[in-house]
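Could you walk me through reading empty space and helix geometry in a protein model? I would like the general idea before each case.

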Amino acid sequence: MGRKVTVATCALNQWALDFEGNLQRILKSIEIAKHRGARYRLGPELEICGYGCWDHYHESDTLLHSLQVLAALLESPVTQDIICDVGMPVMHRNVRYNCRVIFLNRRILLIRPKMALANEGNYRELRWFTPWSRSRQTEEYFLPRMIQELTKQETVPFGDAVLTTLDTCIGSEVCEELWTPRSPHVDMGLDGVEIFTNASGSHHVLRKAHARVDLVTMATTKNGGIYLLANQKGCDGDRLYYDGCAMIAMNGSIFAQGSQFSLDDVEVLTATLDLEDVRSYRAEISSRNLEASKVSPYPRVKVDFALSCHEDLLEPLSEPVEWKYHSPAEEISLGPACWLWDFLRRSQQAGFLLPLSGGVDSAATACLVYSMCRQVCEAVKDGNREVLADVRTIVDQPSYTPQDPRELCGRILTTCYMAGENSSRETCDRAKELAQQVGSLLGYLTKYDCSSADINPIGGISKTDLKDFVQFCMESFQLPALQSILVAPPTAELEPLASGQVSQTDEEDMGMTYAELSVYGRLRKLAKTGPYGMFCKLLVMWKDVCTPRQVADKVKRFFSKYSINRHKMTTLTPAYHAESYSPDDNRFDLRPFLYNTRWPWQFRCIDKQVLQLERRQQDLEGVD
C-alpha cells in the first residue's frame, strides 16, 4: 500500500498584469513538478495576475483575464494527472476574494478564499478584498460559462474546507494566515490534515527569512505534518522584492530549501516524504491527541486520486537539510541587485546613469549594480537562457555573452561626477577610483537632487546596514577604493571650501550622528513612539552617556528637524523596500508632511518630566 508522497512547491517571478508571461511560468513549474514525480503542485499567492496589481484588482478586466488564464490552465495537457493549486482573485456574490483554486484533470475541486488579510506596512489587502469569515463552512460557487464549458461543472465548493484524497488529507493556508495568532493549520492538523500548503506573496525585509523558517518548523513541530510554502520572487512592478524562500518541512525539520535571491524566473522544489512518519510522530504527542478528540471537523472534499503509488517500497525518501541563511550584508548585496535586474530588463532600458559623489550612498549604489552584473554572469555561466537573452537585448548585441562582471558593468553603468563650486578634490578622486574599479560606465538629502532619480535601490536601508554592506563589498568584490569612502566624513559639500578642504559635514549640519539617526528612526517607525515616548525610551537606553536634559534636547532636535524636512519625503524616488525602518512616504510610512514644528504640547510634557527628574536627583544629592 502506497504511503510515500512526492509534493512540489515553487517560487515564480510573476509580474503584475503580465497574464501571458505569468501563464507560461505557471505551466513551466507544473511541467517540472510532474517530471520530478510530484502529484501535487503549489504556486504563489495570486500568481495568475501577479500579487502587486494594487488598485487594478478593482477592475473587471483583472477578474476576466484571470479567468481566461485559469481556462488555459484547465485545458492544457500539462496540468493533467497532478493536483494544481493556483492563486487568483475571484468574485463571489459581488464580493472580491483572494483565492486558491485547486483543480485536477479539468475539474475544479475547491475554491478556498483567504481568511486573514494582510493589512499592515506595505500590505493593503482590505482595500481590494474581503476576508472569508465563515470558518469551516462552504457555499456553492456558480462557475462562469467559459469555465463550465471546460469542466462540465455548474457549481463548485467555495469556502473553508480541506481535500481528502485516497491516501491523505490536504489543507490550505494563504500567506498571512501562517503569521496570525490562531493559524488555520492548528485546527486542521488536529482534524487529521497531514499536508499543509501555504501560498505566499511575502516581500523581502532584512532578517525576515529567520521568522519564516521558524514559523513553518514550529507549526510542524507542535502538530506534526508536512508543510509546503510557495512564494513569489522578483520585482513585479513596485518597490517590493519578493524573496522566494520556498520550502518543504516535516515534523519540525526542513527537507527542501529554495533560494532567497536568484535570477531564475521559475524555481521548483520537490520532496518525497513518508506519510507514516507524520502518523507515528503524532501518535506520541498525547496532549495533541486529546485536543484532536475535541476539534470541530472541517468540510471535506473527496478526491478520487492518490498522491502515492501502490509500489513505492524502493522509492528513496528526501533527507532533512540545514537551512542556510545570508548575513544582512549579503542580503543587501543580493536583494536590491536582483530588483535592479528586473527593473532594467522589464523597463527595456539600456542601462543605468549614476552620479558618483565620493560618498557612501552613491558608492553603495554602484556596488549594487556591480553585484547585479556578477549575478548575471553567474546565471549565464550556469546555463540560464532567459538571462542571456535579456542581457543581449539590453546591450543590443544578439551574439554577446557576458563573462566578466567588470566588462558587463562597463556596458550598462555610466557614472559621472557632478561637481559644484564647493566640491573638493578628495571626493572627486574617490569617485574616480571607484568608477575605475567597478568598470564604468537616509534623513539627509537635497530636494530634487537625490530625489530626482528614477529608482533608488538603497532608500530603505539604514546607514548602519549600508556601511556594513560597503565593507562587505570591499572585501568580497576586491574594491579597495571603498576604504577611503568608508572613512571619509559624510558631506553634501554645500558650503564653500576652507583652504581647499571640506568645511561642512552632514552630521554637524543635522546636529546628530548617523548612528543616533538610526536609533531615532527605528524608535519612531518600529516602536511607534512620538516625542514623549521616544524621550522615555532613550532615558533608559542612554542613561550611562546622557543626562535627562541632554536626552530631551536630542529628541526635540530630531523631531523639529524631522517635521521641518518632512515635505522632502513626498518627492522621494521609489526605493527598494529593505526593512520596516524605511521612511518611504505615501507608500509605506503614511504620515502628514505639514506639522506644527514646535510640538508645543509634546515638548512641554518632556520638559515637565525633565524638571521632575532633576529635582529628584537634587533631593538625592541633598540626602547624601
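The dialogue below takes up cavities and then a helix.

Q: What kind of model is this, and how are residues numbered?
A: This is a predicted model, where local features need pLDDT of at least 70 and side-chain atom pairs count only at pLDDT 80 or more, while totals for chains, interfaces and linings use all residues. Residues are numbered from 1 along each chain as its sequence is written, and side-chain values use heavy atoms, with hydrogens and water left out.

Q: How much space lies in the largest cavity?
A: Rolling a probe the size of a water molecule over the atoms shows where empty space is left. A cavity is a set of points, on a 1 Å grid over the protein atoms alone, where a 1.4 Å probe fits but cannot get out; lining residues have an atom within 4 Å of a point. Here the largest cavity holds about 50 Å³.

Q: Which residues line the largest cavity, and of what class?
A: Its lining includes Leu67, Met88, Ile108 and Tyr141. By class there are 11 nonpolar residues, no polar and no charged ones (Ala, Val, Leu, Ile, Met, Phe, Trp, Tyr, Cys and Pro count as nonpolar, Asp, Glu, Lys and Arg as charged, the others as polar).

Q: What lines the second largest cavity?
A: Among its lining residues are Asn13, Asp265, Trp341 and Arg345; the classes are 4 nonpolar, 2 polar and 3 charged.

Q: What should helix H20 span?
A: The expected span is 1.5 Å times one less than the number of residues. For the 24 residues of H20 (600-623) that gives 34 Å, and the end C-alpha atoms are 35 Å apart, which agrees.

How values were computed. Helix = DSSP H or I, 4+ residues; strand = E, 2+ residues; numbered from the N terminus. 1 Å grid on protein atoms, 1.4 Å probe; cavity = no way out; pocket = protein on both sides within 12 Å on 5 of 7 lines; lining within 4 Å. Points joined across faces, edges and corners; volume = space filled by probe spheres on them.
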